[in-house]
Structure formats: structure tokens, C-alpha cells
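Biologist: I would like a close look at the aromatic rings in this protein. Please go through how they pair and what surrounds them.

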Amino acid sequence: MPKPYLHFSREEFADRQARVLRALDERGLDGLLVSRIEDQYWLCGLDTCGFVIFHMMFIGRDGQLTHVTRTADLASIDYSSLCEDVRVWEDAEGNPKSKAIKDMLASHGMQGKRIGIQLDSFGLLPNLYLELRDALDGWCEIVEASDLIRVMRLVKSPQELEYHRRAGEVLDRVCARAIETTRPGVDEGFVLGQVYQVMWESGADIPASRLPMGHGEKAMNVRYGTGRGRVGENDQVTFEMGDAWRHYHVADMFTVLTGPRVDPRHLRMHAACVEALAAVQDALRPGRTLGEVYDIHLAAFGRHGYERAALKACGYTMGATFPPSWMEMPMIYRGNPAVLEENMVFFTHMILSDFETGLTMSLGETSIVTAGRPEVVTHVPREPIVRE
């Protein structure tokens, strides 16, 4: 198979680029500076972590496609990207990145034109944006267009959905291994080592985020934190698991309880999470708004008396993402007007954090929105998970 090594057909990439060109025309833009690596991967296949230092891409209204990059990423571009027009910014003192971008834009006749730019990206840090804004001031018009490609990527193609499903198959095995190895006295590092072994051996990608896992008081964090310990007796262990296939992510979430004594309040919280997750999954239907879905989640917890312990968001869309996060927008929160469409993918998490008692419980899965009930692609037990 000749380079570039692509995970989609050239026809699918051509269709994606054509959709972007139509959107540029509709917005009266002559081009778009693409700083988000997920959008570059979607447009031309570029697969690199070099965006954390510097990489900019341009797509013009007439179909121009150009990378502006460092020498360190030339091999990655050759290996993975359909874009053949590559400009190199030299790492050198007194050589601003903005000059290389402006020179590239000038070569495409962009002086005096309207150019979109993505401002909500890890690939465009504030210092580079300010530098670029000053360099282009009065030379062309810069227009915020962060959502132009992001919104297109929300509805997945058949191949993208297959990658989500493959990731889900792996994550189900990861979940089983995590539950199997969690017991009183086990070191958290051993459990995480087993989890990552399943991912690596399956051919999946490790997730873009570090996996949150914590026991005892740390279980309340639902975030990764440095330092690990041993699971205790009568403990609570929070797992938020994720992995990816060709960068397309899925996630799940659950809490493992250890014996010999299980607090009955934990069991009541678990029952509330089960009901809330079922209600939310049933609400993942085309035409619903994300705000409506959030209200359904909150009402389910309210029926169990846990409204005060619920979070202010209960999920978000999933797709092809790169470090440092597997989260994408939009999120499921109160009043969000975004409307669900068929073939969108969402991770929905039901999390209770009772700071008065120090107890937590969680349950979450990833689903594909269909014309009817969603297709659940990651699966967590509905019975309380108790390990002794």
C-alpha cells in the first residue's frame, strides 16, 4: 500500500473537502486557517502530535490545501496526509511563525481577502494568535470560524461509525479486566497496567485523556491525579474508561465497591444512576435538544432525592480526538439548544457526588443516535459491582 497511509477512502476525503468549500462560499470566506488537529485529520488524514508545538493548515475557496509545519513533522505528513503542498517554518531565533503563515497566504493571493480562523484549538495558543493578528492587521480580514468544520464532524459517516464500534468492542474488554482485577489490597497501578495491556494488545489507540481512576476520597474527583495507592476494604473506586480506534473515541464509566460491607447508600445511588442512564439513552432521539436530555437526567435523579448531588452536565459528543482530551462539543447541559441527529455519537455519564457523605457513584456508556433507540456501543453492568 503506497503512502499516504489513509484510514478513509480518497472519495470520502474529497467529499469532506467539497463540503468545506461550499461552507466557505456560504459564509463569504476566501479560505480557512485550520489549527485544530482533529479537523486536519478529518480533511486530509494528517496524523501527528506535532500540533502541540506548531502546525497550521490552510484550505482555500478554490480548493487550495497547504500545510505550514516544522521539519520534525515532514515525515508524518508524507506518511499520513493527502496534502502535497507543504511549507516549512524554520525553528530559528527571530523567525516568527506568523511570517511563514502570512507568506503562505500571500502565495495564494489572500491579501485583502476574508479568512476564517479557529480560535478554540490547542493548536493555536494565545501568543501565536496575537502574533498572527498583528502580522495580518490591515493586510487581510480575519474572521472567527471555529465551528465551520466542527459542526460537520458531528454526524458520522459509515466508516467513522465502524471505528467507534471497534473501539467499543475493545473498551468492553477493558471494562471487564478493570472489574476483574479490582479488589481490596490491589495496587491501582496494577489495575491500570492491566487496562492498558488490553488496549495495546487489541490494536486500539490509548485514549487522548489520562484515565481517571481513584479510590476512597479520591474517587470523588472523577479526574486523573498523580499518585496511586491500594484499594481498601469497604471502598469505592471510580473508573472513567476510554479508548479509540483510529482516533475515534468511546468511553464508559462505573464505580466498583469493595466488601465485606457495602454501604446501603451506595446501592441507592447506584439504582438512581441505572434509572437516569436508561432515561437519558431513551431520550437520545433525532429532534431532541441536548437541553431536554439534561432535564430528563436531572428529573431521574430528583425522583431518588439526589438532584443536589448531580453534576451540571451529563455527557458530550465523541469523535476523532487527540491529546489532551477525548471530549468534544456540544455538551449535554441545561438549556443547550443543539439538536440531536441520526449518526451522532454521545458519551452519557450519570455521576452522583455527595459531598456531605463523601460517597460517589457513576454509570456511563457511549451510544450512536439512530432513527429509533440509540445503538449502545460500550456496556457497563447494571447490577452493583461489588468485589471482595
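Modeller: What follows covers the ring pairs, then the cluster and the charges over rings, and last the chain as a whole.

This is a predicted model, and the count of aromatic pairs in it comes to 11. One of them joins Tyr 5 and Tyr 79, with 4.5 Å from centre to centre and 50 degrees between the planes, a tilted arrangement. Tyr 5 belongs to the segment before helix 1 (10-27) and Tyr 79 to helix 3 (residues 74-80), so this pair ties together parts that are 74 residues apart in sequence. Tyr 5 has a relative accessible area of 30% and is partly exposed. Tyr 79 is also partly exposed, at 48%.

The pair of Phe 239 and Phe 254 is stacked, because the ring centres are 5.1 Å apart and the planes stand at 20 degrees, where stacking requires planes under 30 degrees apart. Phe 239 is part of strand 8 (residues 236-245) and Phe 254 part of strand 9 (residues 248-258), so here the parts tied together are 15 residues apart in sequence. Phe 239 and Phe 254 are both buried, whereas Tyr 5 is partly exposed.

Beyond single pairs, one aromatic cluster is formed by Phe 8, Phe 13, Tyr 41, Phe 51, Tyr 163, Tyr 248 and Phe 322. Phe 8, a member of that cluster, also has a charge over its ring: the charged end of Arg 16 sits there, 4.2 Å from the ring centre. A second example involves Trp 245, with Arg 166 over its face at 4.1 Å from the ring centre.

As for the setting of these rings, the protein chain contains 10 helices and 15 strands. Of its 388 residues, 54% count as buried. Among contacts with a separation of 6 or more, 69% are between residues 24 or more positions apart. The radius of gyration is 23 Å, which agrees with the value near 21 Å for a compact globule of 388 residues. Along the principal axes, the C-alpha atoms fill a box of roughly 70 × 40 × 40 Å. The chain exposes about 16,500 Å², and carbon and sulfur atoms supply 50% of that area.

One pair of non-aromatic positions gives a sense of scale. Leu 130, in helix 5 (residues 126-136), and Thr 357 are 47 Å apart in space, C-alpha to C-alpha, and 227 residues apart in sequence. Leu 130 is partly exposed, at 39% relative accessibility.

How values were computed:
Residues numbered from 1 in each chain as written. Predicted model: local features only at pLDDT ≥ 70, side-chain atom pairs only at ≥ 80, totals over all residues. Heavy atoms only, no water. Phe/Tyr/Trp six-rings, centres within 6.5 Å; stacked < 30°, edge-to-face > 60°. Helix = DSSP H or I, 4+ residues; strand = E, 2+ residues; numbered from the N terminus. Buried < 20%, exposed > 50% of the residue type's maximum accessible area, 1.4 Å probe, protein only. Lys NZ or Arg CZ within 6 Å of the ring centre and 35° of its normal. Rg over C-alpha atoms; globule rule 2.2 N^0.38 Å. Contact = heavy atoms within 4.5 Å. Areas by Shrake-Rupley, 256 points an atom, 1.4 Å probe, with all protein chains shown as cover.
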